[in-house]
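Please read the following report with the sequence and the model side by side. The text moves from enclosed space to open pockets, then to the core, the cysteines and two backbone angles.

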Amino acid sequence: MGLVTQMLIFGLLALSVDLLLGQTGLFSLCHAAFFAVAAYTVAILQVRYAVPTVLAAPAGLLAGTLLAVVFGIAVRTRGVYFILITIALGYIVWGVAHRWSSFTGGDNGVTNVPFPALGGLRIDSHTEYYYFVLAVMIACAFGYSVLIASPFGLGLRGIKASETRMRSLGYRTNLHLYAAFVLSGLLASLAGVLYVYYNRFVNPVSASFPISVEATLMAIVGGSGSIVGPFIGSGIILGLRNWVSSFFELYATVMGVVFVATVLWAPDGIVGLVNRLGDARARREAP
């Protein structure tokens, strides 16, 4: 149940990445920054200042989202320049978390984060927390489906298909992309808040480049551009990591092989592969 809870949390992080990758075509590699800032904010407020959950959790969401508001300037660039800028921005947050040890705890991080509580309602076990995370994930998936079906979401997919054409139709494409970036940062921040309450600990690893890469890998392997794809990818990546690392030290090699195989034989991810097989079967059975 603990592993499934992690899959849901990191699936939500992958979904935040896919809001840019799958809907706009922007390949961001700084989402671990929003994830970590939200987690650190909650941990520091609750552990050091005894701030209750009802204030600490929204503060974490706000901190991560405000960082996305600042980092959103990256949408002024495209292609490889956007990728490089997001990598650099992500490393800024990792450097602060790692070097500012008097505030962040350095490599030791912040420990003993309590389970969330709201008045007399308190989560006291990982089983109860699993159901809470599941409910949040379902609500986010529903909200995400409404968003991408809205005129705003259709505009994002139009920009992905042809930004020049959308601009000629009168769309302020940079503003659309900026709004998508901030919303993506909000989702990543929510994942960070859920993560710190599950893990009850946060350190600079949460802000590291590999976390951003793994989230992107989850979205691609599961099926970019779909709602369930990032969660499927999260299940595959975390499942493999926990299973392979138990008997093979170089488990990252297996991750690389999975990614290469996905790019070569299932470029649309697991969801795309299933859809293609279903279409092929329907054509064979058609009279």
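By class, how many nonpolar, polar and charged residues does the lining of the largest cavity have? In this predicted model, that lining has seven nonpolar residues and three polar ones, with no charged residues.

**The cavity**

A search of the whole structure finds one cavity of 30 Å³ or more, and the space in this largest cavity comes to about 40 Å³. Its lining is made up of L29, C30, A32, G90, Y91, W94, A207, S208, F209 and S212. Two elements, α4 (79-99) and α10 (209-222), give two or more residues each to this lining, and the largest share, three residues, belongs to α4.

**The two largest pockets**

The table sets out the two largest pockets, which are described in turn below it.

| Pocket | Volume | Lining, by class | Largest share of the lining |
|---|---|---|---|
| Largest pocket | about 500 Å³ | 18 nonpolar, six polar, two charged | α10, seven residues |
| Second largest pocket | about 300 Å³ | 16 nonpolar, one polar, one charged | α3, five residues |

With about 500 Å³ of space, the largest pocket is lined by 26 residues, and those closest to its centre are P210, I211, V213, E214 and R241. At least two lining residues come from each of α1 (2-21), α9, α10, α11 (229-244) and α12 (251-265).

The second largest pocket has 18 lining residues, and T53, A57, P116, F132 and Y197 are the ones that lie nearest its centre. Here α3 (53-71), β2, β3 (121-122), α6 (126-149) and α9 each supply at least two residues of the lining.

**The nonpolar core**

Which residues have the most contacts inside the largest nonpolar core? They are F71 and F181, in a core of 78 residues, and the largest share of this core, 13 residues, comes from α9. When residues up to four places away in sequence are not counted, F71 touches C30, A33, F34, L89, V93 and F181. C30 therefore appears twice in this account, since this cysteine is touched by F71 and also lines the largest cavity.

**Cysteines without a disulfide**

Why does the count of disulfides come to zero? A disulfide needs two cysteine sulfur atoms within 2.5 Å, whereas the sulfur of C30 lies 19 Å from the closest cysteine sulfur, which is in C140, and this is too far for a bond. The same holds when one starts from C140, because the closest cysteine sulfur to its own is that of C30, at 19 Å. Both cysteines fall under the 20% limit for buried residues: C30 counts as buried at 1% relative accessibility, and C140 counts as buried at 15%.

**Two positive phi angles**

Finally, two residues deserve a look at their backbone. N112, a residue other than glycine, has a positive phi near 60°, and it is found in the loop between β1 (110-111) and β2 (117-118). R200 is not a glycine either, yet its phi is positive at about 60°, and it is found in the loop between α9 (173-199) and β4 (201-202).

Are these residues buried or exposed? N112 counts as exposed because its relative accessibility is 65%, while R200, at 34% relative accessibility, counts as partly exposed.

Notes
Residues numbered from 1 in each chain as written. Predicted model: local features only at pLDDT ≥ 70, side-chain atom pairs only at ≥ 80, totals over all residues. Heavy atoms only, no water. Buried < 20%, exposed > 50% of the residue type's maximum accessible area, 1.4 Å probe, protein only. 1 Å grid on protein atoms, 1.4 Å probe; cavity = no way out; pocket = protein on both sides within 12 Å on 5 of 7 lines; lining within 4 Å. Points joined across faces, edges and corners; volume = space filled by probe spheres on them. Helix = DSSP H or I, 4+ residues; strand = E, 2+ residues; numbered from the N terminus. Nonpolar A, V, L, I, M, F, W, Y, C, P; charged D, E, K, R; others polar. Core = buried A, V, L, I, M, F, W, Y, C linked by side-chain atoms within 4.5 Å. Contact = heavy atoms within 4.5 Å.
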